[in-house]
Amino acid sequence: GGNQKQQQDTPSLLSPTPPPQQQQLEQQNTKFEHFSPHTMKLLKRYIESKNGAGTVILIPEEIEDLWHIYHIISIGDRIKCSTIRKISKETSTGSVASERLKITLTVQCEKTDFDPKGGNLRVSGKNVVENKFVKLGQYHTLDIEVNRKITIMKDCWDSVHLQTINDAIDVKKKADVAAVLMSDQGKARICLITSSMTLDRLNIEMSIPKKRYPGSHEKGVHRFFDAIIRGIEQNIDWEVIKCIIVASPGFTKDQFMEYITKNGHSRSELKPFLKNRDRFLLVHTSSAHRQVLNDILSDPMILKNMSDTKAAAEVQALNDFHKLLRDQPDRAFYGPGHVIKAGNMGAIETLLIMDELFRASDVQQRRQYVHLVESVKRNGGNVHIFSSLHASGDRLKSMTGVAAILRYPLPLEDNATDSETESDED
């Protein structure tokens, strides 16, 4: 963490001035896109102990925070934030002019929408607080944006809502796995893998002269590696990170690590790289596209090397479940009917559940899953809440979204009210 100070928000550090002989190479088209790491800010949390009603004020600082807020907001909540609304006014001459005004509105949520690619979260509902521009009961859609304060008022905050907030504001709960995807064409991408999504931190595009100009080619490759090294320095906290996956087709990844080893003793900024060399994991991939991360993260050999990271813990739990389903099916239950029954008997050792089940518009259904999570924790079991934005989430979703590893075998009653379980057997 020694170089943390000057690095806070200085994208300019990503493209330092090269020596004169490299200037003409530099002109060719180096492109950086930089994304800065933060955690959500909690400004206020006031919740009544007797009925759980209360208000929480948050400032989301990145797309992942919007994802958490999407899972916190339920139908019926009152959401307050600033918004832009088109207001029509009659002018002195009688014509109607409209202008866009920034106003603060409170709507009662009827619908939420989240687009992870664009990072857009929208909350629609009726205005519930008198306002001189918007009548009571008029519909409005709020765009919840990064770095903008949002107030959420609920009649009842349950334990899963509160856990979601705690996870979102806890730096340690953030990414402990990073991935550097690179190709020999001067393209690289640095990603952080958190428990709920994969965050792009930096895209690098540089042109590297062809191999038929050996001197220029080598300089170009070194410049490319230096840019990746600066990107890792600025986006990875050595205190938190447990594993850095370095992946590429061909030998680019190996050359990158050789470059670090060769220059590590003479360049002070490479000292932490050498010190943490055992955290780097070299992986061969078919391309440097982000999609290859799904294959990387479900490979058992790679998981072994990531054993104490959160991403691995979830995938490992899922792999353990599948193994039990094959070898001891009376200790591996899935489908809501069977799992809830096992939960009521205190038989669950590990619960695997999809985040989207807590988004059920049916309040009773959400309450049932919250109760399940609380009872498993109370009985000393483990709970893994899987994100629908992760590959492991897709695997769990195909099995109804809820599964459990039991402490001891239980007879599986075929007449359980679990029609989905049967239909998903394949």
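The exercises below treat two sheets and several helices of one predicted model.

Residues are numbered from 1 along each chain as its sequence is written. In this predicted model local features need pLDDT of at least 70, side-chain atom pairs count only at pLDDT 80 or more, and totals for chains, interfaces and linings use all residues, while side-chain values use heavy atoms, with hydrogens and water left out.

**Exercise 1. The seven-stranded sheet**

Task: State the order of the strands in the open sheet of seven strands, and find which strands stand at its edges.

Solution:
- Step 1. Helices (H or I, at least four residues) and strands (E, at least two) are DSSP runs, numbered from the N terminus. Two strands pair if DSSP finds at least two bridges between them.
- Step 2. The order is β2-β3-β8-β4-β5-β6-β7, and the pairing is antiparallel.
- Step 3. β2 (41–47) and β7 (139–144) each have a single partner strand, so one side of each lacks a neighbour in the sheet.
- Step 4. On average, neighbouring strands of this sheet are turned by 35° against each other, direction ignored. Axes are lines fitted to C-alpha atoms, for helices over the stretch in contact, and angles run from 0 to 180 degrees between N-to-C directions.

**Exercise 2. Bridges along the sheet**

Task: Say how many bridges join β4 to β5, β5 to β6, and β6 to β7.

Solution:
- Step 1. Strands of a sheet pair through backbone hydrogen bonds, either parallel or antiparallel.
- Step 2. β4 (residues 78–90) and β5 (residues 96–115) run antiparallel and are joined by 13 bridges. R85 stands opposite L101 in β5.
- Step 3. β5 and β6 are antiparallel, with eight bridges; C109 faces G125 in β6 as its opposite residue. Their hairpin has four residues between the strands, and in this hairpin G119 takes a positive phi near 70°.
- Step 4. Six bridges join β6 to β7, again in antiparallel fashion. L121 has I144 in β7 as its bridge partner.

**Exercise 3. Two helices side by side**

Task: Describe how α2 and α3 pack, and which residues meet.

Solution:
- Step 1. The axes of α2 and α3 are 9 Å apart and make an angle of about 170°.
- Step 2. Angles under 35 degrees count as roughly parallel, over 145 as roughly antiparallel, 65 to 115 as roughly perpendicular and the rest as oblique. The two helices, α2 and α3, are therefore roughly antiparallel.
- Step 3. Contact means heavy atoms within 4.5 Å. From α2, D65, H68, H71 and I72 meet H161, T164, I165 and A168 of α3.
- Step 4. These contact residues of α2 and α3 comprise three nonpolar, four polar and one charged. Ala, Val, Leu, Ile, Met, Phe, Trp, Tyr, Cys and Pro count as nonpolar, Asp, Glu, Lys and Arg as charged, and the others, Gly among them, as polar.

**Exercise 4. The four-stranded sheet**

Task: Work out the strand order and edges of the open sheet of four strands, and name the helix that lies across β15.

Solution:
- Step 1. The order is β14-β17-β15-β16, with mixed pairing.
- Step 2. β14 (332–334) and β16 (382–386) are the edges; each has a single partner strand, so one side of each is without a neighbour in the sheet.
- Step 3. The twist from one strand to the next averages 15°.
- Step 4. Three bridges pair β14 with β17 (residues 402–406) in the antiparallel sense, and Y334 has A403 in β17 as bridge partner.
- Step 5. Helix α11 (residues 363–378) lies across β15 (348–354), β16 and β17, and runs at about 150° to β15.
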